[in-house]
Amino acid sequence: VPIQPIQPEAPTLPDVEVSELAAMAQRLRPEWLEAQAAILNAERDIDQARRDNGPRLDLLASFGLVRSDENLSEVYSDPQREEIIQLQLSLPIVDGGTRRAAIRQAEAFANYTQQEARFIQNQLLGDLQISLTELERTARTLELAEDISRLAEERFSISQESYLLGAMPLTDLNLAQRSRDQSRRAYISQLRDYCLAYHRLSLLTGYDFINNQPHSEL
């Protein structure tokens with residue numbers, strides 16, 4: 001059975017701004033969510049280090065029943081209540097700089113984590129801007145290639161009719177056919193570049209513009 005290739009249609013260019021794409025990425029991209037979680041965890045670790053290495057105030061309470069007797073059976077009859085409440089204050093006086101070093105270490109690690117997370121976020125925003133610009137550029141190039149291909153097809157049709165009527169030599173018909181084939185290949189190549197840019201933008205945002213829904217819901 002002969003195979004008849006079908007030329008795919010170009011997906012519609014999404015009418016969105018960079019700010020909208022950034023909002024999609026912040027909501028759907030796992031890298032952005034992981035970066036946000038890393039920042040929050042770093043801030044938590046600083047607070048934890050300050051709490052663990054600072055003054056502590058512990059409140060302990062206990063409740064029980066007591067009874068003593070020479071006979072075991074009497075131990076469990078008419079017991080007395082026993083309640084104990086303790087308040088303990090721990091205040092480091094001399095620690096050899098351990099407390100300060102632990103806090104500084106947590107702050108340094110948190111600062112590194114925050115910088116790395118913000119770098120990832122800024123890189124994603126930059127990739128979104130570049131991807132949207134590339135998609136718009138390839139869309140314009142694709143439109144131009146489509147016009148050229150259509151004109152070359154019309155020229156070939158006219159040349160073919162002229163050749164059948166004897167008004168054009170075979171060499172001119174061959175030139176028109178070659179021009180048509182070249183323009184068609186150029187259009188297919190531009191269509192490929194456009195589709196790659198389109199789906200790259202879709203991947204960066206985590207959103208499927210064709211089906212109008214996030215990738216996680218497909």
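Start your tour by selecting Glu43: at 37% relative accessibility, this residue counts as partly exposed (buried means under 20% relative accessible area, exposed over 50%, and partly exposed in between, with a 1.4 Å probe and protein chains only). What you have open is a predicted model, in which local features need pLDDT of at least 70 and side-chain atom pairs count only at pLDDT 80 or more, while totals for chains, interfaces and linings use all residues. Residues are numbered from 1 along each chain as its sequence is written, and side-chain values use heavy atoms, with hydrogens and water left out.

**Stop 1: helix 2 and its partner**

Colour residues 30-52 now; this is helix 2, and Glu43 sits in it. Helices here are DSSP runs of H or I with at least four residues, strands are runs of E with at least two, and both are numbered from the N terminus.

Keep Glu43 selected and add Ala106. The two are 63 residues apart in sequence, and their C-alpha atoms are 9.0 Å apart in space. Next, pick Ile46, also a residue of helix 2. Ile46 is buried, with a relative accessible area of 14%. Measure from its C-alpha to that of Asn111 and you should find 9.9 Å, for a pair 65 residues apart along the chain.

Now show helix 4, residues 98-164, together with helix 2. How do their axes cross? They come within 9 Å of each other, at roughly 165 degrees, which makes helix 2 roughly antiparallel to helix 4. The axes are lines fitted to C-alpha atoms, for helices over the stretch in contact, and the angles run from 0 to 180 degrees between N-to-C directions. Angles under 35 degrees count as roughly parallel, over 145 as roughly antiparallel, 65 to 115 as roughly perpendicular, and the rest as oblique.

The crossing of helix 2 and helix 4 is left-handed (the near helix is turned anticlockwise from the far one by less than a right angle; clockwise would be right-handed). Colour the contact of helix 2 with helix 4 by residue class, and you will see 15 nonpolar, 4 polar and 6 charged residues. Here Ala, Val, Leu, Ile, Met, Phe, Trp, Tyr, Cys and Pro count as nonpolar, Asp, Glu, Lys and Arg as charged, and the others, Gly among them, as polar.

**Stop 2: along helix 4**

Follow helix 4 from end to end. Its 67 residues reach 96 Å from first C-alpha to last, close to the 99 Å expected at 1.5 Å a residue; the expected span is 1.5 Å times one less than the number of residues. Just after helix 4, stop at Gly166, which takes a positive phi of about 80 degrees.

Step back into helix 4 and select Phe156. Is this residue buried or exposed? At 9% relative accessibility, Phe156 counts as buried. Add Ala176: its C-alpha is 5.1 Å from that of Phe156, with the two positions 20 residues apart in sequence numbering.

**Stop 3: helix 5**

Select residues 170-205 for helix 5, whose 36 residues reach 53 Å from first C-alpha to last, close to the expected 52 Å. The axes of helix 4 and helix 5 come within 7 Å and cross at roughly 160 degrees, and the two helices are therefore roughly antiparallel to each other. Their crossing is left-handed, and the residues of the contact divide into 21 nonpolar, 11 polar and 9 charged. After helix 5 comes Gly206, with a positive phi near 75 degrees.

**Stop 4: the aromatic rings**

Show the side chains of Tyr194, Tyr198, Tyr207 and Phe209, which form one aromatic cluster. The structure holds 3 aromatic pairs. In one pair, the ring centres of Tyr198 and Phe209 are 6.2 Å apart and the planes stand at 75 degrees, so the pair is edge-to-face. Rings of Phe, Tyr and Trp (its six-membered ring) pair if their centres lie within 6.5 Å; planes under 30 degrees apart count as stacked, over 60 as edge-to-face, and the rest as tilted.

Tyr198 belongs to helix 5, and Phe209 to the loop between strand 3 (207-208) and strand 4 (213-214). Tyr198 is buried at 3% relative accessibility, and Phe209 is buried with a relative accessible area of 14%.

**Last stop: Asn212**

Finish in the loop between strand 3 and strand 4, at Asn212. Asn212 has a positive phi of about 55 degrees although it is not a glycine, and it is exposed, with a relative accessible area of 56%.
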